[in-house]
Amino acid sequence: MCSSKSKNMNQEAISQINGRPVLQPKSNQVPTLDRRNSLKKSPPKSLIHPIASKIASPRPISLNSPPLSPNSKPIRKLAYYEKPKPAAKPVKLSERTDGGCREVKSTVTVQKQPGSIAAARREEVAMKQEERKKKISHYGRVKSVLSNEKSLNVEHEKKKRCSFITTSSDPIYVAYHDEEWGVPVHDDNLLFELLVLTGAQVGSDWTSVLKRRNTFREAFSGFEAELVAEFNEKKIQSIVNDYGIGLSQVLAVVDNSKQILKVKRDFGSFNKYFWGFMKHKPVTTKYTSCQKIPVKTSKSETISKDMVRRGFRFVGPTVIHSLMQAAGLTNDHLITCPRHLECMAKAAL
């Protein structure tokens, strides 16, 4: 008896001193380690939010619902944070005619989805259809306007000069085109001058030669063939030094003046000799583009060969054709140029 009581006393004393319940009855023992971990993971039911419990709970499946077809898409319900998409708005197209006498309005409903290429394409097709309807409804009026514009463009083209005259052309070159080029020339001195100028523009341009025209006239005594033919070596050298004209060019002009004097003795005048190749009648061409105007013709080659045979210098086919254009033996103004008809009228006099 004493021993059992002392054992119980010792056990109670130990539990009270150390505070360890290992010696308590089995119902009050501390749970094992696995159970302790499971208790930590599962919070009490009172701490779980009611909304979270509803979301976590699986949705009951109704056995009476009809089966879904393989092509049908499931209907997705919006979440509480999503907003419904707005319905497609009608697109209004309004076009107003140029005259302001009528206004075409139409409403086309286009279902526009964000990021949809097909929707943008449908909208574009609808707008094109509306523009086409407007053009068809005003076809007669638009046609008349286009015809009027075409006639105005034709009249404007008729007032244009030859295409080699541009906005950047020098005024002296434009004046030469508007007043001299293509006009028939019958004066011997002027024909001699044009022969010298056309020879001088080889390797240069007409604008530069026209700017030195007065210099040539002064250097060669107004292109009097009788005076130029008498130039001696001293006079020729002074022209080279004073007027800056090349020696070979000065010698060619002096030689040509001597040949002109021979032609005058044979034909009566340089004019009769030169125009005799054309039977004293200019040729009128009908070119529509400057690219079609040739640099030489069979007629210029014939004249060039005869002049070379007679002793003329710097009289190639290209130079002679340029002389024929400048002296009006051929009217190479474009038919769209107003000078074309004016030179024809002067040639008929």
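Which residue forms a salt bridge with R309, and how far apart are the closest N and O atoms? In this predicted model, the partner turns out to be D306, with the closest N and O atoms 2.6 Å apart. Both residues sit in helix α14, which spans residues 298–310, and because they are three residues apart there, about one helical turn separates them. Their surroundings are not alike, though: R309 is exposed, with a relative accessible area of 61%, whereas D306 is buried, at 15%.

That pair is part of a bigger count, since a search of the whole structure finds 15 salt bridges. Another of them joins R161 to D178, and here the closest N and O atoms are 3.0 Å apart. This one ties together distant parts of the chain: R161 lies in the loop between α5 (139–158) and α6 (171–179), D178 belongs to helix α6, and the two are 17 residues apart. R161 counts as partly exposed, at 40% relative accessibility. D178 is also partly exposed, at 23%.

Next comes the salt bridge between R213 and E180, again with 3.0 Å between the closest N and O atoms. It too links distant parts of the chain, with R213 in helix α9 (residues 213–219), E180 in the loop between α6 and α7 (188–200), and the two positions 33 residues apart. R213 is buried, at 9% relative accessibility, while E180 is partly exposed, with a relative accessible area of 29%. These two do not stand alone: E180, E193, R213 and R217 are linked in a network of salt bridges.

Now for the nonpolar side of things. The largest nonpolar core has 49 residues, and the ones that touch the most other members are F192, F216, F220, F270, M307 and F312. Helix α7 supplies the largest share of this core, namely seven residues. To take one of the well-connected members, F220 is in contact with V228, F231, I245, V250 and V253, leaving aside its neighbours within four places in sequence. Apart from the largest core lies another one of five residues, including C162, C290, I293 and L334.

C162 brings up the cysteines. How many disulfides does a search of the whole structure find? The answer is zero. As a reminder, a disulfide is a covalent bond between the sulfur atoms of two cysteines. For C162, the closest cysteine sulfur is that of C337, 3.8 Å away, which is too far for a bond. A disulfide would need the two sulfur atoms within 2.5 Å, so this pair does not qualify. Looked at from the other end, C337 has its closest cysteine sulfur in C162. Both cysteines are tucked out of reach of the probe to some degree: C162 is buried, at 0% relative accessibility, and C337 is buried as well, with a relative accessible area of 2%.

C162 also turns up around a histidine. H333 is found in the loop between β4 (330–331) and α16 (338–347). At 0% relative accessibility, H333 counts as buried. Leaving aside neighbours within four places in sequence, H333 is in contact with C162, H177, W181, G182, R339, H340 and C343. As for S289, it lies 44 residues from H333 along the chain, and the C-alpha atoms of the two are separated by 9.5 Å.

Key
Residues are numbered from 1 along each chain as its sequence is written. This is a predicted model: local features need pLDDT of at least 70, side-chain atom pairs count only at pLDDT 80 or more; totals for chains, interfaces and linings use all residues. Side-chain values use heavy atoms; hydrogens and water are left out. A salt bridge is a side-chain nitrogen of Lys or Arg within 4 Å of a carboxyl oxygen of Asp or Glu. Helices (H or I, at least four residues) and strands (E, at least two) are DSSP runs, numbered from the N terminus. Buried means under 20% relative accessible area, exposed over 50%, partly exposed in between (1.4 Å probe, protein chains only). Contact means heavy atoms within 4.5 Å. A nonpolar core is a set of buried Ala, Val, Leu, Ile, Met, Phe, Trp, Tyr and Cys residues joined through side-chain atoms within 4.5 Å.
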